[in-house]
Amino acid sequence: QVRLVESGGGSVQAGGSLRLSCAASGVRVSTRCIGWFHQAPGKEREGVAAIRAGGIPYYAASVKGRFTISQDNAENTVFLQMNNLKPEDTGVYYCATVLCYEMDENNWFLQDRYNYWGPGTQVTVSS
């Protein structure tokens with residue numbers, strides 16, 4: 001049974017940092033693509049970062065230079081380091097996984113391709 005669990009969310013002031021974790025069970029993160037998605041209050045969920053098997057990262061323009069996605073194969077966990085946080089980064093962050101060959105290499109944030117999702121973790125950034 002595949003299970004993803006996010007952790008590390010919380011409340012910070014603008015300019016602060018958080019590191020989110022996505023712990024996987026039932027799959028090996030080293031063999032799959034993992035994406036992080038953000039849903040701001042009242043808005044649709046959108047992709048912010050993804051990492052493919054082999055460690056190649058992809059970022060949305062809104063977070064490039066501020067967020068870093070990485071994976072620890074020994075811990076079977078994917079991380080999202082978020083620096084210089086802004087109030088618009090507030091929302092629920094989800095991780096999700098998909099077999100990389102099922103992804104569109106021109107768009108790593110096609111949500112209907114991801115077939116397993118975590119419950120999410122809340123991030124609140126105050127100004």
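Here are a few worked exercises on the predicted model shown above.

**Exercise 1. Which cysteines pair up, and what does each bond tie together?**

*Step 1: count.* The structure holds two disulfides.

*Step 2: take C22.* Its sulfur lies 2.1 Å from that of C95, and the two form a disulfide. That fits the cut-off, which asks for sulfur atoms within 2.5 Å. The torsion about this S-S bond is about 70 degrees, so the C22–C95 disulfide is right-handed. C22 belongs to strand β3 (residues 18-25) and C95 to strand β9, so the bond ties together parts that are 73 residues apart in sequence.

*Step 3: take C33.* Here the partner is C100, with 2.0 Å between the sulfur atoms. The torsion about the S-S bond is about 120 degrees, so this disulfide is right-handed too. C33 sits in strand β4 (residues 33-39), while C100 is in the loop between β9 and β10, so parts 67 residues apart in sequence are tied together.

*Step 4: write the pattern.* Number the bonded cysteines in sequence order and you get the pairing 1-3, 2-4.

**Exercise 2. Are the four bonded cysteines buried or exposed?**

*Step 1: set the threshold.* Buried means under 20% relative accessible area.

*Step 2: check the C22–C95 pair.* C22 comes in at 1%, so C22 is buried. C95 has 0% relative accessibility and counts as buried as well.

*Step 3: check the C33–C100 pair.* C33 is buried at 1%. C100 has 14% relative accessibility, and that still counts as buried.

**Exercise 3. Find the salt bridges and say where the partners sit.**

*Step 1: recall the idea.* Side chains of opposite charge can pair when their charged atoms come close.

*Step 2: count.* You should end up with two salt bridges.

*Step 3: look at R52.* R52 bridges to E105, with the closest N and O atoms 3.6 Å apart. The cut-off for such a pair is within 4 Å. This one links distant parts of the chain: R52 is in strand β5 (residues 45-52) and E105 in the loop between β9 (91-98) and β10 (116-117), 53 residues apart. E105 counts as exposed, at 53% relative accessibility.

*Step 4: look at D89.* The side chain of D89 meets that of R66 in a salt bridge, 2.8 Å from N to O. D89 lies in the loop between β8 (77-82) and β9, and R66 in the loop between β6 (56-59) and β7 (67-72), so the pair ties together parts 23 residues apart in sequence. D89 is buried, with a relative accessible area of 6%, and R66 is buried at 9%.

**Exercise 4. How are the rings of F37 and Y114 arranged, and which cluster do they join?**

*Step 1: count the pairs.* There are five aromatic pairs in the structure.

*Step 2: get the geometry.* F37 and Y114 have their ring centres 5.0 Å apart and their planes at 85 degrees, so they make an edge-to-face pair. F37 is in strand β4 and Y114 in the loop between β9 and β10, so this contact ties together parts 77 residues apart in sequence.

*Step 3: check burial.* F37 is buried at 0% relative accessible area, and Y114 is buried at 4%.

*Step 4: extend the network.* Ring pairs link F37 and Y114 with F109 and W117 into a cluster.

**Exercise 5. Where do the charged ends of R19 and R45 sit?**

*Step 1: R19.* Its charged end is over the ring of F79, 4.0 Å from the ring centre.

*Step 2: R45.* The charged end of R45 sits over the ring of Y94, 5.1 Å from its centre.

*Step 3: back to R19.* In the backbone pairing, the bridge partner of R19 in β8 is Q81.

**Exercise 6. What is the strand order in the open sheet of four strands, and which strands stand at the edges?**

*Step 1: order.* The strands run β1-β3-β8-β7, with antiparallel pairing.

*Step 2: edges.* β1 (3-7) and β7 each have a single partner strand, so one side of each is left without a neighbour in the sheet.

*Step 3: turn.* Ignoring direction, neighbouring strands of this sheet are turned by 15 degrees against each other on average.

*Step 4: zoom in.* β3 and β8 pair in the antiparallel sense over six bridges.

Note on methods:
Residues numbered from 1 in each chain as written. Predicted model: local features only at pLDDT ≥ 70, side-chain atom pairs only at ≥ 80, totals over all residues. Heavy atoms only, no water. Helix = DSSP H or I, 4+ residues; strand = E, 2+ residues; numbered from the N terminus. Buried < 20%, exposed > 50% of the residue type's maximum accessible area, 1.4 Å probe, protein only. Phe/Tyr/Trp six-rings, centres within 6.5 Å; stacked < 30°, edge-to-face > 60°. Lys NZ or Arg CZ within 6 Å of the ring centre and 35° of its normal. Pairing = 2+ DSSP bridges. Axes fitted to C-alpha atoms, helices over the stretch in contact; angles between N-to-C directions.
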